[in-house]
Amino acid sequence: MQATGWALGGNAGIYLPGIGVYDDAIPDGEQVLFLRSGSVAQQTTDGVLTVSSGDELSLSLWVGWRNDLAFNGLAISVFTQSSGQIISETIAAGDVTQGSFTYVEFTGVVGSGVVGEAVAVSFSG
């Protein structure tokens with residue numbers, strides 16, 4: 001299985017959790033994207049979504065913490081090439097519950113000087 005449309009670096013990929021890995025059902029599907037410490041998953045919205053100065057962006061996702069592994073944190077970044085960060089957040093072990101999926105949502109505003117640029121989304125383990 002592949003993470004279609006995502007550029008992966010390090011120990012990252014698609015995972016179909018077995019029984020007991022999570023106490024909760026997997027939200028919105030049957031597989032998850034996993035990131036080990038030091039790995040990255042990134043996607044650019046070329047041709048799908050463009051933004052300009054003053055646009056507001058929201059990003060929502062489910063973050064899971066397996067029962068059988070430590071949670072080393074997750075850095076989330078949403079940015080454009082010219083204006084830099086739109087959203088920059090870090091999720092720590094205290095923000096999620098082991099064995100469960102936690103819904104998180106972030107909002108940011110596109111900085112000045114941006115006209116019709118693609119957005120990049122990056123997750124780092």
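Contacts (heavy atoms within 4.5 Å) in the protein with a separation of 6 or more are formed to 74% by residues 24 or more positions apart. The model is a predicted one, in which local features need pLDDT of at least 70 and side-chain atom pairs count only at pLDDT 80 or more, while totals for chains, interfaces and linings use all residues. Residues are numbered from 1 along each chain as its sequence is written, and side-chain values use heavy atoms, with hydrogens and water left out.

The protein contains 11 strands (DSSP runs of E, at least two residues, numbered from the N terminus) and zero helices (runs of H or I, at least four residues). Its radius of gyration, taken over C-alpha atoms, is 15 Å, close to the 14 Å given for 125 residues by the globule rule (2.2 Å times the number of residues to the power 0.38), so the protein is as compact as a globular protein of that length.

Buried residues (under 20% relative accessible area, 1.4 Å probe, protein chains only) make up 38% of the 125 residues. The largest nonpolar core (buried Ala, Val, Leu, Ile, Met, Phe, Trp, Tyr and Cys residues joined through side-chain atoms within 4.5 Å) has 21 residues, of which Val63, Ile76 and Ile91 touch the most other members. Two or more residues of this core come from each of β6 (56–64), β7 (74–80), β8 (84–91), β9 (101–109) and β11 (120–124). Strand β6 gives the largest share, four residues. Another core, of five residues including Val21, Tyr22, Ile26 and Val32, lies apart from it.

Leaving aside residues up to four places away in sequence, Ile76 touches Leu59, Leu61, Ile87, Ser88, Glu89, Ile91, Phe106, Ser122 and Phe123.

Conventions
Buried < 20%, exposed > 50% of the residue type's maximum accessible area, 1.4 Å probe, protein only.
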